Amino acid sequence: MKRAALAVMVAACSQNGTLSVSLVTAPGSTVLDDVQTLQLTLTSPLTTQVATREGSGFSIVLQVDTTDGAGELIVEGLDGSGNLVAAGQSPPFPVDALDATFAIFMAAPNTMAASPAALDPPLDEMAVGSLSFGALFAGGRDASLAPSAAVTIYDGFDHTVTQGTPLPDARAGVAMGIASGVYAYMFGGTDASGSAQANDWLFDTSESSTGIFSDFGAKPGFERANQSLLQVDADDFLLTGTPAAELSDLTGIPAARGDVTSLPASGAVTTGSDGNIEAIFVDGSGVTRYQDAIDKVDTLAAPGVARDGATVIALPSGLVGVFCGGSDAAVIDAVTGDVTPIANVPSDDRVSGCAVAANSSFVVIAGGTLGSGGVATTAEIYDASTFTLIATTPLVVPRTDATALALPNDQILVAGGDDQNGAPIATIELFTPLPTIPQP
């Protein structure tokens, strides 16, 4: 893993702040070796500085005035011919007189590469959630098939992991929902005996570097594993499985819904064109919709969409995408119920286990189990609006049943799952998109 030091000075009247920034790469990567020129852009206030290689590295000092908003640092690495060969971007940060240190992950644009951090131990059946500053992994099953109590916090500002406070009990297949970017609600999972449980926990990542658990106790009658917990308003989550339930994040008490018996585990929440929260759930029995404005669950007539093995995600357009499961993709307008089929996405027969996520511009479909029984070895990158194939890139470790999520810097992280031999995977992979430079 190579590093190059940068410094960004932020001036505010008589006060100054310095952001100490390093560039990091995948272990063993040589992507920075051919870089002769670095172009550093701060998005707000829009400022660009260029540096040429000095010996074995680069040094940039960028002095700017403070703003009331947030900015991002975009780094582009050019070779001797002026070709873009490496890129990276920071998460948004306040452009004021602060002192901070973070790292920008550099890789060839539109490729997958191994993160500098890895899971230790490697686990599958993890609960995974998006934090305002990175990602959270909880529980799972290790190589011996035993459930784990491990909690790992991935920091998107420096691409390191911290071992968090362990789960109160070892669990695999816990449902996780994130509120306000820092609070993780966790429910159920299987214990060491293989029995589904109904424990209800809150993990607060804001209280300490390792997080603090609150235990709401077990909720008999709601035992389940490998389900989802989706936030549908400020105070409530939908808990998939049987019985379908609503979980208040203020009381930790689940209540069975009266309008639906069960909800499929594969679902996604979006803000629809009407400005309200909607959720779509898909399995082989059909397509289910939840509308928060009227607190109602109904079934959509969505020909060709129902399937087992699908991965359902929210798209940046406010629509919902349904991918894999052995069929073409489909896009659903959760407000109107209209369905648009997307042929040949993915380009091969991925029947289950796809890790799918979208950032502001792209959809990444990583790995999965093929109809032939093998494990897909690639990630396919699509334009999130047109679903044009942008790139097909090899995975560092081919995997199925992994999870993908967008980091705050627009990278997409892929973690967990099993390799071609059925073993859990330690390597965390990052998709690094081609950056978009703001126009003045």
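**Close-up 1. The hairpin made by β38 and β39.** Strands β38 and β39 make a hairpin with 5 residues between them, and in the turn sits Asp410, whose phi is positive at about 80 degrees. Keep in mind that this is a predicted model. The two strands, with β38 covering residues 403-406, run antiparallel and are joined by 4 bridges. For a handy landmark in this pairing, look for Leu405, which stands opposite Leu413 in β39.

**Close-up 2. Strand β39 and its side chains.** Here we stay with β39, which spans residues 412-415. Which way do its side chains point, and are they buried or exposed? Ile412 and Val414 point one way, Leu413 and Ala415 point the other way, and all of them are buried. That's the usual pattern: side chains in a regular strand alternate between the two faces of the sheet. β39 also pairs with β40 (residues 427-432), through 3 bridges, and these two strands run antiparallel. Leu413 turns up again in this pairing, standing opposite Leu430 in β40. So Leu413 has Leu405 of β38 opposite it and Leu430 of β40 opposite it too, with the cut-off for pairing being at least two bridges between strands.

**Close-up 3. A cavity and its lining.** How many cavities of 30 Å³ or more are there? The count comes to 1, and the volume of this largest cavity is about 40 Å³. Its lining is made up of Gly88, Gln89, Asn409, Gln411, Thr432 and Pro433. Some of these names tie back to the earlier views: Thr432 belongs to the stretch 427-432 that makes up β40, and Gln89 comes from strand β8, residues 84-89.

**Close-up 4. Gln89, one of the lining residues.** Gln89 helps line the largest cavity, so let's zoom in on its surroundings. Its relative accessible area is 16%, which means that Gln89 counts as buried, the cut-off being under 20%. The side chain of Gln89 makes a polar contact of 2.6 Å with the side chain of Glu72. What else does Gln89 touch, leaving aside neighbours within four places in sequence? Besides Glu72, the list holds Leu73, Ile74, Ile104, Phe105, Asn409 and Pro435. Asn409 is worth a second look, as this residue is in contact with Gln89 and also lines the largest cavity.

**Close-up 5. Ser262 in its loop.** Ser262 lies in the loop between β23 (254-256) and β24 (267-271). Because its relative accessible area is 32%, Ser262 is partly exposed. Where does its side chain reach? It gets to the backbone oxygen of Gly241, at 3.2 Å, and the side chains of Ser262 and Thr242 are joined by a polar contact of 2.8 Å. Ser262 and Thr242 are 20 residues apart in sequence, yet their C-alpha atoms are 4.6 Å apart in space. Not counting residues up to four places away in sequence, Ser262 touches Gly241, Thr242 and Ala244.

**Close-up 6. An open sheet of 4 strands.** The strands in this view follow the order β16-β17-β18-β19, and they pair in an antiparallel way. At the edges are β16 (175-179) and β19 (212-218), each pairing on one side only. From one strand to the next, the twist averages 20 degrees. At the β16 edge, the antiparallel partner is β17 (residues 183-187), and 5 bridges hold the pairing. To find your way here, look for Ala179, which stands opposite Tyr183 in β17.

Note on methods:
Residues numbered from 1 in each chain as written. Predicted model: local features only at pLDDT ≥ 70, side-chain atom pairs only at ≥ 80, totals over all residues. Heavy atoms only, no water. Buried < 20%, exposed > 50% of the residue type's maximum accessible area, 1.4 Å probe, protein only. Contact = heavy atoms within 4.5 Å. Polar contact = N/O pair within 3.5 Å; in protein donor to acceptor, adjacent residues only side chain to side chain. Axes fitted to C-alpha atoms, helices over the stretch in contact; angles between N-to-C directions. 1 Å grid on protein atoms, 1.4 Å probe; cavity = no way out; pocket = protein on both sides within 12 Å on 5 of 7 lines; lining within 4 Å. Points joined across faces, edges and corners; volume = space filled by probe spheres on them.
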